[in-house]
Amino acid sequence: MDTSFVDREQPRLLQELSDFLSIPSVSTLPAHGVDTRRAADWLRAELTRLGCPVVDLIEGDGHPVVWAEGPVVPGRPTLLIYGHYDVQPPDPLEEWDTPPFTPTVRDGKLFARGAADDKGQVFCLLKAYEAVVDANGQPPLNVRFIFEGEEECGGRVVFDLLRAEPERTRADAVLVCDSSFYAPGWPAVYTALRGLCYAEISVRTLQRDLHSGSYGGVAPNALETLVRILSRLKSADGEIRIPKVYKSVEEPTKRELKAWRKLPFDEDAFLREEVTGKALTGLEDHSVFERVWALPTFEIHGIRGGFVGDGAKTVIPAHAVAKVSLRLVPGQRYEKVGRQLERAVSDLAPDWADVKVTLLHGGDPVQIPVEHPAFAILDDAFEEVVGRRTVSIRSGGSIPIIPELGLAGAPVILTGIGLPDDGLHSPNEKLDLAQLWSGIRVFGRFFELFAERGGSARAEDGSEREAVETV
Ligand code: BES
Ligand code: MN
């Protein structure tokens, strides 16, 4: 690949990425519906400009899927590229040093919501494709792009599409760039992602809020009731108290645990620089890697109810709501865990409260074998450009569509160009520009190497193998 593309085009690329990041495509907020569609339109225009003869917005009950096919290159392998153009809400807004949708470069880093998760990485793949087309005069392989707008909000459009038309996933490999390096200088591929079971718990104890003097002492308080229930779902030392929730959890293999022990890891720096707290919490007899990669969690994301405005209001709240989720690990299924949560909450609910659990969305955990030759090709590309092959690690995060991407048997390569301190879902999310520029070279090189060697990767006898294992 002609490596001058990046040097030559940097100012234009930065401008284009800034335009993309300026669109507040917050998929979970109805008020941003139009903006989310604008991000899809931006991709459509970009893919058309890149010379894709097929570019479709596929509609469903939610935000559209952007689907594109590059020009047919006979005799060459096919790569399916997945990413998402939606982002998480930017709150708390006041903690951003510069506004989340005004992309700003400081100290070689581009700050904006979506800079790393995932618009910046989607952009990296698009520009890698542009770079190889630019260098060779034509694409060296067949590519298909599938970009969804509901990854962060648990939408169904892309699921419905792939379940109805699984042949869209027929490819020699699937490339997903929605994660990060293990550490600066250490590219990674992911062997597992956690699943998710996200729910809302609502409690009503009264028909209306009451004066806390006149009725305090006798009237049941909805917030207090909710907090009592929540506090019994997890112990102070980090054990989830939902009956049977650990029963089907599969432990990592000895080989995996051994490999994790060899990873360079400075727990103090991790606590200080990434976690930014005073101590790590959770099950102390398990390592940090086990706790974030191989064990389920229970988190409270937010609680609404009563009075939280300025000043004081003496009130007994009638109604309270909590948003909670569990991260799930191999062996668990989100539908089953959802039922376990419903049961546990209803067993804890006092008779005089109306307590309701609503499951908002979920995804199963996945495990991905990384022995397929496509992974070695990616390693070669990383080695050439950044001087190191990937380390195999897991991620504590979730990408619910991954099992569907492997439906036709193609190996799913989960990797990324972010860094661990990018601040995904946090204020001041960023992407290091050096990672973006080298990432364009890595994936450009990967496309070229995969064009030469990726076709032989498909099973000769046409048999299909399990590319992604749920459970
Ligand atoms: N890119 C993340 C997933 C991720 C996080 C991978 C960290 C590797 C490391 C993804 O966009 C994400 O945040 N997903 C959501 C999915 C959920 C809303 C269903 C998540 O994990 O919270
Ligand atoms: Mn993401």
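**Ligand 1 and its surroundings in a predicted model**

Good morning. Of the 16 residues around ligand 1, those that come nearest are Glu-151, Asp-178, Arg-327, Ser-398 and His-425. Please keep in mind throughout that this is a predicted model.

Let me begin with the contacts to the ligand. The side chain of His-84 places a polar atom 3.0 Å from an oxygen atom of ligand 1. For Asp-117, a polar side-chain atom lies 2.9 Å from an oxygen atom of the ligand. Glu-152 also takes part: an N or O atom in its side chain is 2.9 Å from an oxygen atom of ligand 1. As for burial, ligand 1 exposes 510 Å² when taken alone, and the protein buries 89% of that.

What kinds of residue form the shell around ligand 1? The shell divides into seven polar residues, five charged and four nonpolar. Which domains supply residues to this shell? At least three residues come from domain 1, which covers 5-193 and 365-470, and at least three from domain 2, which covers 195-249 and 296-363.

I turn now to the sheets. Strands of a sheet pair through backbone hydrogen bonds, and the pairing may be parallel or antiparallel. One open sheet here has four strands in the order β11-β13-β9-β14, and its pairing is antiparallel. Its edge strands, each pairing on one side only, are β11, residues 297-305, and β14, residues 354-363. From one strand to the next, the twist averages 20°. Between β11 and β13, the latter spanning residues 319-328, there are eight bridges, and the two strands run antiparallel. In one of these pairings, Ile-303 has Ala-322 of β13 as its bridge partner.

A further open sheet has three strands, ordered β4-β5-β18, again with antiparallel pairing. Here the edges are β4, residues 104-106, and β18, residues 430-432, and each pairs on one side only. Neighbouring strands of this sheet are turned by 25° against each other on average, direction ignored. Three bridges join β4 to β5, which spans residues 109-111, and these strands run antiparallel. Within this part of the sheet, Thr-104 stands opposite Phe-111 in β5.

Finally, some remarks on backbone geometry. Most peptide bonds are trans, and most residues other than glycine have a negative phi. Against that background, where in the model is a peptide bond cis? Asp-91 and Pro-92 are joined by a cis bond, with omega about -5°. Pro-92 has its place in the loop between β3, residues 78-84, and β4. Another cis bond joins Asp-117 and Asp-118, where omega is about 0°. Asp-117 is a residue we have already met, through its polar side-chain atom 2.9 Å from a ligand oxygen. Its partner in the cis bond, Asp-118, lies in the loop between β5 and α3, the latter covering 119-136.

Is the phi of His-425 positive or negative? It is positive, at about 70°, although His-425 is not a glycine. This residue sits in the loop between β17, residues 412-415, and β18. His-425 is also among the residues that come nearest to ligand 1.

To close, I return to the ligand: the protein buries 89% of the area that ligand 1 exposes when taken alone, and the surrounding shell draws on both domain 1 and domain 2. Thank you for your attention.

Terms used. Residues are numbered from 1 along each chain as its sequence is written. Chains are lettered from A and ligands numbered from 1 in the order in which they are written. This is a predicted model: local features need pLDDT of at least 70, side-chain atom pairs count only at pLDDT 80 or more; totals for chains, interfaces and linings use all residues. Side-chain values use heavy atoms; hydrogens and water are left out. A residue is near a molecule or strand if one of its heavy atoms lies within 4 Å of it. A polar contact is a pair of N or O atoms within 3.5 Å; within protein, one must be able to donate a hydrogen and the other to accept it, and residues adjacent in sequence count only if both atoms are side-chain atoms. Accessible areas come from the Shrake-Rupley method with a 1.4 Å probe; for residues, only the protein chains shown count as cover. Ala, Val, Leu, Ile, Met, Phe, Trp, Tyr, Cys and Pro count as nonpolar, Asp, Glu, Lys and Arg as charged, and the others, Gly among them, as polar. Domain bounds come from an automatic or database domain assignment. Two strands pair if DSSP finds at least two bridges between them. Axes are lines fitted to C-alpha atoms, for helices over the stretch in contact, and angles run from 0 to 180 degrees between N-to-C directions.
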